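Here is my note on the model you sent round. Please read it with the structure open beside you.

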Amino acid sequence: MPSTALLELRGISKRFGAVQALHKVDFEVYPGEVVALMGDNGAGKSTLVKTLSGINLVEEGQIFFQGQQVQLTGPQSATALGIATVYQDLALCDNLDVVGNLFLGRELRAGGLGRLLGWMDETAMELQATQLLEKLSVSIPSVRTQVASLSGGQRQSIAVARSMMGSPKVVLLDEPTAALGVAQTRQVLELIRRLRQQGLGVVIISHNLVDVFSVADRIIVMRLGKRVGSFAVKDTTEVDIVAAITGAHTSEVEQTLKGGAT
């Protein structure tokens with residue numbers, strides 16, 4: 001693994017009124033690494049991701065991108081650095097086709113007289129959309145298919161593909177497999193692996209231990225606004241992660257799991 005993190009937070013704190021949402025949290029993701037962020041509701045996961053994506057401004061601590069200290073003043077500054085975020089609601093437009101969704105807000109203008117008339121270069125956009133989906137091995141009927149008719153896994157894949165339009169170096173995925181069936185989940189997890197193969201740093205928030213253990217390299221656990229552990233997936237177990245999330249001893253978790261299995 002490279003010695004320099006793509007994205008690193010040091011000692012980040014964030015307060016909302018009387019609530020200390022984050023307390024001196026460290027976080028890092030390296031090139032070609034999938035990091036899963038786990039914790040119970042209220043652990044601070046969403047607050048941390050909103051800090052990574054520039055929505056929450058840092059009150060205390062430092063942010064580094066490719067080894068250089070940076071200031072995230074908003075979502076646009078995060079995007080400009082190379083940090084892309086795909087939220088759980090996906091924010092896709094069902095009435096548009098795949099091309100329309102990928103290029104929404106960044107449409108390519110036609111040349112010559114077409115530019116004067118305000119026309120779009122539909123051919124160029126369709127070609128670029130096709131090339132991007134092929135690069136990510138995303139399988140859909142056509143780039144001219146309306147997003148409303150796609151499956152949940154295909155919709156998630158299109159949302160991830162749209163985040164790749166700006167050639168980011170880090171992609172943040174909020175519950176990417178939530179409410180998906182088995183086949184659709186497999187499709188999304190394969191896409192995450194392809195992002196890793198292309199050298200990106202990938203951060204996923206997930207409550208699904210099975211999905212996390214199948215795709216992540218490392219798991220960072222948060223509890224009550226603090227980072228309580230970082231676990232290499234190959235060297236840990238689900239029991240260890242549940243114990244870290246709940247604050248229980250591993251033997252207590254094992255006993256609970258055995259009781260549930262009887």
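The points below cover strands, helix packing, a salt bridge and the empty spaces.

1. Status of the model. This is a predicted model. Please read each point below with that in mind.

2. The six-stranded sheet. Six strands form an open sheet in the order β6-β7-β8-β3-β9-β10. The pairing is mixed. β6 and β10 (226-232) are the edge strands, and each pairs on one side only. On average, neighbouring strands of this sheet are turned by 20° against each other, with direction ignored.

3. A parallel pair inside that sheet. β3 (residues 33-38) and β8 (residues 201-205) run parallel. Five bridges join them. To find the register, look at V35, which stands opposite V203 in β8.

4. Helices on the sheet. Helix α1 (residues 45-52) packs on the sheet and touches β3, β6, β7 (170-174), β8 and β9 (218-223). The direction of α1 makes about 140° with that of β3. α6 also packs on the sheet, where α6 touches β6 and β7. Here the angle is about 160°, taken between the directions of α6 and β6.

5. β1, β4 and β5. Strand β1 (residues 7-16) runs antiparallel to strand β4 (residues 60-65), with five bridges between them. L7 has F65 in β4 as its bridge partner. β4 is also joined to strand β5 (residues 68-70), again antiparallel, by three bridges. In that pairing F64 stands opposite Q69 in β5. β4 and β5 form a hairpin with two residues between them. Check Q66 in the turn: its phi is positive, at about 50°.

6. Salt bridges. Side chains of opposite charge can pair when their charged atoms come close. The count here comes to 13 salt bridges. One pair to inspect is E28 with R218, whose closest N and O atoms are 2.8 Å apart. This pair links distant parts of the chain. E28 sits in strand β2 (residues 19-29) and R218 in strand β9, 190 residues apart.

7. The largest pocket. Which residues lie nearest the centre of the largest pocket? They are T79, A84, T85, R106 and S163, out of 24 lining residues. The space in this pocket is about 550 Å³. α2 (75-81), β6 (83-86) and α6 (152-163) are the elements that give two or more residues to its lining. By class, the lining has twelve nonpolar, nine polar and three charged residues. Note that β6 appears here as well as at an edge of the sheet.

8. The second largest pocket. Its volume is about 210 Å³. The lining includes Q128, Q131, L132, K135 and L136. M164, M165, S167 and P168 also line this pocket, as do Q198 and L200. Six of the lining residues are nonpolar, four are polar and one is charged.

9. The cavity. How many cavities of 30 Å³ or more does a search of the whole structure find? The search finds one. The space in the largest cavity is about 40 Å³. P176, T177, L189, I192, I204, S206, D211 and V212 line this cavity. Among the elements, α7 (182-197) and α8 (209-215) give two or more residues to the lining. The lining divides into five nonpolar, two polar and one charged residue.

Notes
Residues numbered from 1 in each chain as written. Predicted model: local features only at pLDDT ≥ 70, side-chain atom pairs only at ≥ 80, totals over all residues. Heavy atoms only, no water. 1 Å grid on protein atoms, 1.4 Å probe; cavity = no way out; pocket = protein on both sides within 12 Å on 5 of 7 lines; lining within 4 Å. Points joined across faces, edges and corners; volume = space filled by probe spheres on them. Helix = DSSP H or I, 4+ residues; strand = E, 2+ residues; numbered from the N terminus. Nonpolar A, V, L, I, M, F, W, Y, C, P; charged D, E, K, R; others polar. Pairing = 2+ DSSP bridges. Axes fitted to C-alpha atoms, helices over the stretch in contact; angles between N-to-C directions. Contact = heavy atoms within 4.5 Å. Salt bridge = Lys/Arg side-chain N within 4 Å of Asp/Glu carboxyl O.
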